[in-house]
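Visitor: I would like a close look at the salt bridges here. Please take me through the charged side chains one pair at a time.

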Amino acid sequence: MFKYFIKRTATAIVLLFAVVFVTFGLFMAVPADPARLSCGKTCSEDTRANIRHAMEIDLPFTTQYARFVKGLFVDRYYNAGSTQARKCDAPCLGFSFRTDENVTDVLQRRAPTTFSLALGASLIWLIGGVLLGMVSALRRGKFVDKLVQSFALFFSSLQIYLIGWVVSLYFVIKHHILPTPTYVSPFESLRGWSAGMLLP
């Protein structure tokens, strides 16, 4: 049993590093220039070169990957050796090209909102899906079954951006039935959290 556990753990670790390597490689293969995204289209080539050097994206792929993996376990310094060296605390996922923030800090700040959305959506779809599935199964081939299937097909075909815009326009802006979606921690106010997460 212990050997099996060790074997499965080792396999999971190898798989994790393989996924990280492939993801890192795909990101590096994207033709977009992070330096251009960071400073805009009006930047000079010298400025972009300095940004590439500060972000360490002018280094060879293998060196970048090795430093990225190392930064997951220990603190990492960008542009080390210069007066503009920046420390990235472990686990270091780098700095955002757009906001220049530590990616780990951004993820920690947005994780509660994302988790709330995922949990709420899962519960709604699980309960609604099971109930509609039971109704459809009990009335198989009848009008109710066809209505449920049409309902599911119609809403699964719509883009979430369109649905979100129409619902926000109707329930928030026009009729003020729901409050403007704003995240509030459930530990601060359960009612505020529920109201803020209901529409999203």
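Guide: What follows goes through the salt bridges by the residues that take part. The model is predicted, and a search of the whole structure finds seven salt bridges. Side chains of opposite charge can pair when their charged atoms come close.

Start with glutamate 56. Its side chain meets that of arginine 67 in a salt bridge, at 3.2 Å from N to O. Arginine 67 belongs to helix H4, which covers residues 61-71, while glutamate 56 sits in the loop between helix H3 (45-55) and H4, so this salt bridge ties together parts that are eleven residues apart in sequence. The two partners can be described by their accessibility. Arginine 67 has a relative accessible area of 35% and is therefore partly exposed. Glutamate 56 has a relative accessible area of 6%, so it counts as buried.

Glutamate 56 also forms a salt bridge with arginine 76, where the N to O distance between the side chains is 3.0 Å. This pair links distant parts of the chain: arginine 76 lies in strand E1 (residues 76-78), 20 residues apart from glutamate 56 in the loop between H3 and H4. Arginine 76 has a relative accessibility of 11% and counts as buried, because the cut-off for buried is under 20%.

The next pair is aspartate 75 with lysine 87, whose side chains meet in a salt bridge of 3.4 Å, N to O. Here too, distant parts of the chain are linked: aspartate 75 is in the loop between H4 and E1, and lysine 87 is in strand E2 (residues 86-88), twelve residues apart. Aspartate 75 is partly exposed, with a relative accessible area of 38%. Lysine 87 is also partly exposed, at 45%.

Finally, there is a network: Glu45, Arg48 and Arg52 are joined into one by salt bridges that share partners. Take arginine 48 from this group. Arginine 48 is part of helix H3, and its relative accessibility of 9% means that it counts as buried. The side chain of arginine 48 also makes a polar contact with the side chain of glutamate 45, at 3.0 Å. What else does arginine 48 contact, leaving aside its neighbours within four places in sequence? The residues in contact with arginine 48 are then Asp33, Ala35, Arg36, Cys39, Lys41 and Cys43.

Notes:
Residues are numbered from 1 along each chain as its sequence is written. This is a predicted model: local features need pLDDT of at least 70, side-chain atom pairs count only at pLDDT 80 or more; totals for chains, interfaces and linings use all residues. Side-chain values use heavy atoms; hydrogens and water are left out. A salt bridge is a side-chain nitrogen of Lys or Arg within 4 Å of a carboxyl oxygen of Asp or Glu. Helices (H or I, at least four residues) and strands (E, at least two) are DSSP runs, numbered from the N terminus. Buried means under 20% relative accessible area, exposed over 50%, partly exposed in between (1.4 Å probe, protein chains only). A polar contact is a pair of N or O atoms within 3.5 Å; within protein, one must be able to donate a hydrogen and the other to accept it, and residues adjacent in sequence count only if both atoms are side-chain atoms. Contact means heavy atoms within 4.5 Å.
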